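Dear colleague,

I am handing over the structure we spoke about, and below it you will find my notes on what was found. Please read them with the model open beside you.

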Amino acid sequence: MLSTRRSKPISDCMRHSVFVIIPAYNEAANIETTLAATVHAVPADAVVVIDDGSHDDTSARARAFGARVVRHPFNLGYGVALQTGYKYAQRHGADWLVQLDADGQHDPGDIPRLLAPLQAGTADLALGSRFIQPSGYAMGAVRDVGRLVFQRLLQTLGGPYIADPTSGYQAMSARVIDFYCNDFFPVDYPDADMLLLLHRVGFRIVEVPVEMAPSLRGNSMHQGSAILYYIYKMVLSLLRSASMPRPAP
C-alpha cells in the first residue's frame with residue numbers, strides 16, 4: 001500500500017525546480033492512487049504524467065488531480081515515455097527530476113530521501129534500492145537471478161556495485177537529465193546499461209533504501225517468457241555500453 005510518509009514537503013524547502021515524471025500506459029485504475037500519494041511530497045503542478053498512448057482515461061484522471069499531462073498519440077514504449085519526460089523537464093528548466101512508476105510499486109513518500117544526496121551535492125543520480133537494507137521485498141526466482149546477473153556483469157565491465165540495478169525509482173540532477181536526452185537512450189527498458197554509461201563518464205551514483213510494494217495492477221512489465229528475453233537483451237545492452245565510445249557527459 002502506498003504511504004504518505006515524508007521527511008519534509010519538498011515545497012517547504014526547495015529553491016530549485018523539481019519535476020516528478022510518471023510514465024503510464026493504460027493505468028486509469030491506478031493513477032489516482034499513485035498521484036494521491038505523490039502530491040503529499042511535491043506540488044501537483046510539479047508532477048508530469050507521460051501517457052504513452054493509453055486506450056483508457058489515464059490522461060483525464062491525471063489532469064483531474066492537477067498533474068501536467070504529456071500524451072503520446074500511440075504506444076511508443078517505456079524508454080520513450082521516460083525520455084519524453086526528461087525532455088519536458090529539460091525544456092522547463094528542471095534542476096532535479098524524480099521518476100516513478102504509475103502502478104503503485106514505488107512509494108512517493110521516499111521522494112525527499114532520493115533527492116537529499118542530489119541537493120547536498122554528493123551525487124548525480126540516486127537509485128531507490130530494495131536490497132541495500134532488509135525491506136521484506138521478494139522477487140520471483142527468475143527475476144532475482146536476472147538481478148544478480150546484471151549486478152555481477154555491471155562490475156565485471158567496470159561499473160559500480162549496485163544492489164538493485166533494475167530499479168526504475170530514480171532521482172537525477174540536471175546534468176543527468178541532459179545526458180539522458182541523447183539519442184543513445186534505450187527505447188524500451190533502460191536499466192543497468194544506462195548505469196554503466198553514467199559511471200563511465202564520471203557521474204556519481206548512490207543507492208538510497210526505499211520501500212516498494214507489489215504492483216497495484218497485479219503484474220510486472222517483465223513476466224513469463226518476457227523475463228528471459230529481457231535478461232538476454234539487457235546482457236547484450238551492457239556489453240554494447242561497455243564497448244561503445246565513451247559518450248560526452
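Over residues 3–9 the pLDDT stays under 50, and for this stretch the predicted model has 18 contacts beyond four places in sequence. Residues 11–15 also have a pLDDT below 50, and there the model shows two contacts beyond near neighbours in sequence. Where pLDDT is low, the predicted coordinates should not be read in detail, so I would ask you to treat the contacts of both stretches with that in mind. For the chain as a whole, the mean pLDDT is 87, and 86% of the residues reach 70 or more.

Turning to the interior, the largest nonpolar core has 40 residues, of which Y86, L125, M172, F179, Y180 and L198 touch the most other members. Several elements give two or more residues to this core, namely the strands β1 (18–24), β2 (47–51) and β5 (125–129), together with the helices α4 (78–91), α6 (141–156), α7 (174–180), α8 (192–200) and α9 (225–243). A second core, separate from this one, consists of 29 residues and includes I22, A24, A123 and V208. As general background, nonpolar side chains in soluble globular proteins tend to be buried together.

Two of the core residues named above, Y86 and Y180, also meet as an aromatic pair, which is tilted, with 5.2 Å from centre to centre and 40 degrees between the planes. The partners come from distant parts of the chain, since Y86 belongs to helix α4 and Y180 to helix α7, 94 residues apart. Y86 is buried, with a relative accessible area of 1%, and Y180 is likewise buried, with a value of 2%. The structure holds eight aromatic pairs, and one aromatic cluster is formed by Y86, F179, Y180, F184, F185 and F203. Another ring, that of F131, has R147 lying over its face, at 4.0 Å from the ring centre.

Which residues of helix α5 are buried? In this helix, which covers residues 111–119, they are I111, P112, L114, L115, P117 and L118. The helix α5 is followed by G121, whose phi is positive, near 80 degrees. A positive phi of about 55 degrees is also found at N26, although N26 is not a glycine. Most residues other than glycine have a negative phi. N26 is placed in the loop between β1 and α2 (31–38), and its relative accessibility of 32% makes it partly exposed.

The charged side chains form eight salt bridges in this structure, and I describe three of them here. In one of these, R61 pairs with E32, the closest N and O atoms being 3.5 Å apart. Because R61 lies in helix α3 (residues 58–64) and E32 in helix α2, this pair ties together parts that are 29 residues apart in sequence. Both partners count as partly exposed, R61 at 29% relative accessibility and E32 at 34%. These two residues also belong to a network of salt bridges that links E32, D57 and R61.

Another salt bridge joins the side chains of D124 and R175, at 3.8 Å from N to O. D124 lies in the loop between α5 and β5, whereas R175 lies in helix α7, so the pair ties together parts that are 51 residues apart in sequence. Here D124 is buried, with a relative accessible area of 6%, while R175 is partly exposed, with a value of 46%.

A further salt bridge brings together the side chains of K233 and D188, at 2.1 Å from N to O. As K233 lies in helix α9 and D188 in the loop between α7 and α8, the pair ties together parts that are 45 residues apart in sequence. K233 counts as partly exposed, at 32% relative accessibility.

Finally, there is a polar residue to look at in helix α6, namely Q151. Is Q151 buried or exposed? At 6% relative accessibility, Q151 counts as buried. Leaving aside residues up to four places away in sequence, Q151 touches Y161, I162, A163 and P165.

With best wishes

Terms used:
Residues numbered from 1 in each chain as written. Heavy atoms only, no water. Core = buried A, V, L, I, M, F, W, Y, C linked by side-chain atoms within 4.5 Å. Buried < 20%, exposed > 50% of the residue type's maximum accessible area, 1.4 Å probe, protein only. Helix = DSSP H or I, 4+ residues; strand = E, 2+ residues; numbered from the N terminus. Phe/Tyr/Trp six-rings, centres within 6.5 Å; stacked < 30°, edge-to-face > 60°. Lys NZ or Arg CZ within 6 Å of the ring centre and 35° of its normal. pLDDT = per-residue confidence, 0-100. Contact = heavy atoms within 4.5 Å. Salt bridge = Lys/Arg side-chain N within 4 Å of Asp/Glu carboxyl O.
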